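Trainee: Could you walk me through how to read a model like this one? I would like to start from a single residue and work outwards.

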Amino acid sequence: MHENSMKSYNVTPWSVEGEVDYDKLVRQFGTKYIDDNILEYFRKFTGEINFFVRRNFFFCHRDLDWIFKKYEEGEKFYLYTGRGPSGKVHIGHLLPWFFTKYLQDKFSVPLLFQVTDDEKFLYRDELSLLNVESMTYDNLLDIVAVGFDHEKTQILIDTKGIKELYRIAIKIAKSITLSTIKAVFGFTDSTNIGMIFFPSIQAAPCFLYSEMLGKRVPCLIPAAIDQDNFWRMTRDVAEKLGYYKPAQIHSKFLPALGKEGKMSSSLPETAIYTTDSPEDVRRKVKNAFTGGQPTVEEQRKRGGNPYICPVYFYEQYFFEKDDKKLEEIRQDCLSGKLLCGEHKNGLATKIVAFLTDFQSKREKAKNVVEKYLFDPQRKVFL
Ligand code: TRP
């Protein structure tokens, strides 16, 4: 089966525009919704249904049932995720990383975390290698602050760890043609040739531990769905190269506080960065778009619309962990009992509390970053 048949692009690894129709993406990309079978596996292995799955933030997958079946049979997988260090990290980036940490803890499996400094240098005209380097260090603090188990985690920065990836990347590159790459990523004749090669670098970690251990090792990628183009491409060549196809579990995007679309670093007032001060948070949340009515009277009379409201989405996807409380918020919003101003205050308080804790972890990360960096001698499969 050929999975590279997507033609219309509203979501690519480099841009997510407009209101995202996730059902359409599932059809276009050919992924599967998380069904009862998957939920049953989660219950069996983790004793619960994780928040992000329950709230449908991680909502579709490829071969997750296969990964679980292998795990059941005693064949451990590893997790692979990554970050392109093009700017500061915002809360939207953190969500998939927290889920990745959860999976690492519950399944006790290694994590390979790729930092694609090369990708961001190649893709962003305005970024020099020096800019990307300083962003890389800055972003590493966020990654480490998530709390991954350093004994089971390797962070591979492309420009530093390329030696480990290169042999795999050229094998991948050799089996993919320019016309395939153009169709998958929407590249054109004016795309620089670094970008043309880059997808083989992002694909390589899917096979790295197989190479290092000298046997096929299942790989599970938790990531936002915009990265899927890479995985379709990788899956198409995997078996031919003697590897398992990498499996995925895909998340949605945390919406921006302003208009529709995912939280974006190009609109700083609509994203909450991990380094934001309490004043920044309160100001940004105060100015957020909501699903509310223009006046208090109308809100009381007609109620708000939580289904288009970023303030509600923040609660749903991260800040209100208690299902009962979330349901109360939803009801009170719909009935007009809860005003947007009140709701914003409540959310801002939760975000500030979260960031205070995260920022202290981020400070401490400065002392331990080194321990996480990729080292081929360090054994992460225990
Ligand atoms: N391309 C991703 C970005 O721009 C970074 C990345 C590399 C990644 N490997 C990954 C993301 C694996 C998720 C999973 O941020």
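**Reading the model, residue by residue**

Mentor: Let us start with Glu327, which sits in helix H16. Keep in mind throughout that this is a predicted model.

Trainee: Is Glu327 buried, exposed or partly exposed?

Mentor: The way to read this is through relative accessible area: under 20% is buried, over 50% is exposed, and values in between are partly exposed. Glu327 has 32% relative accessibility, so it counts as partly exposed.

Trainee: How far apart in space are Glu327 and Gly304?

Mentor: Their C-alpha atoms are 14 Å apart, with the two positions 23 residues apart in sequence numbering. You can set that beside Tyr307 and Gly291, which are 16 residues apart along the chain and have C-alpha atoms separated by 7.4 Å.

Trainee: Where is Tyr307, and what does it touch?

Mentor: Tyr307 is placed in the loop between helix H14 (296-302) and H15. Leaving aside residues up to four places away in sequence, it touches Phe313, Arg330 and Leu334. With a relative accessible area of 48%, Tyr307 is partly exposed.

Trainee: Phe313 brings us to H15. How many residues of helix H15 are buried?

Mentor: For a whole helix, you count the buried residues along its length. In H15 (residues 310-319), 10 of the 10 residues are buried, so this helix is largely enclosed by the rest of the structure. Among them are Phe313, Glu315, Gln316 and Phe319.

Trainee: What covers the buried residues of H15?

Mentor: The cover includes helix H3 (51-54), helix H5 (91-107), helix H16 (323-335) and helix H17 (340-365). Notice that H16 is the helix where we found Glu327.

Trainee: Which residues of H12 are buried?

Mentor: H12 is mostly covered, with 10 of its 11 residues buried. Those buried residues include Asp228, Phe230, Arg232, Met233 and Arg235. Trp231 belongs to this helix too, which spans residues 228-238.

Trainee: Why does Trp231 count as buried?

Mentor: Trp231 counts as buried because its relative accessibility is 2%, and the cut-off for that class is under 20%. Not counting residues up to four places away in sequence, Trp231 touches Arg62, Tyr80, Gln202, Cys206, Ile221, Gln248 and His250. For a pair at another separation, take Trp231 and Glu342: they are 111 residues apart in sequence, and their C-alpha atoms are 42 Å apart.

Trainee: What should I look for in the backbone angles?

Mentor: Most residues other than glycine have a negative phi, so a positive value deserves a second look. Here, Asn56 has a positive phi of about 65 degrees although it is not a glycine. Asp63 also has a positive phi, near 65 degrees.

Trainee: Where do Asn56 and Asp63 lie?

Mentor: Asn56 is in the loop between H3 and strand E4 (58-62), while Asp63 is in the loop between E4 and helix H4 (64-72). Asn56 is partly exposed, with a relative accessible area of 39%. Asp63 counts as partly exposed as well, at 23% relative accessibility.

Trainee: Where is Thr270, and is it buried or exposed?

Mentor: Thr270 is found in the loop between strand E9 (247-251) and helix H13 (278-286). Its relative accessible area is 15%, so Thr270 is buried. The C-alpha atoms of Thr270 and Leu127 are separated by 22 Å, and the two are 143 residues apart along the chain.

Trainee: Now the whole chain, please. How is the protein divided into domains?

Mentor: There is domain 1 (2-257) and domain 2 (268-364). Taken over C-alpha atoms, 29 Å separate their centres. Their contact takes 22 residues from domain 1 and 28 residues from domain 2.

Trainee: And what is the radius of gyration of the protein?

Mentor: The useful habit is to compare it with what a compact globule would give. For 382 residues that would be near 21 Å, and the protein has 21 Å, which agrees. Along the principal axes, the C-alpha atoms fill a box of roughly 65 × 45 × 45 Å.

Trainee: What share of the 382 residues counts as buried?

Mentor: The share is 54%. As for contacts between residues at least 6 apart in sequence, 80% join residues at least 24 apart. The protein has 18 helices and nine strands for you to explore in the same way.

Methods
Residues numbered from 1 in each chain as written. Predicted model: local features only at pLDDT ≥ 70, side-chain atom pairs only at ≥ 80, totals over all residues. Heavy atoms only, no water. Helix = DSSP H or I, 4+ residues; strand = E, 2+ residues; numbered from the N terminus. Rg over C-alpha atoms; globule rule 2.2 N^0.38 Å. Buried < 20%, exposed > 50% of the residue type's maximum accessible area, 1.4 Å probe, protein only. Contact = heavy atoms within 4.5 Å. Domains from an automatic or database assignment.
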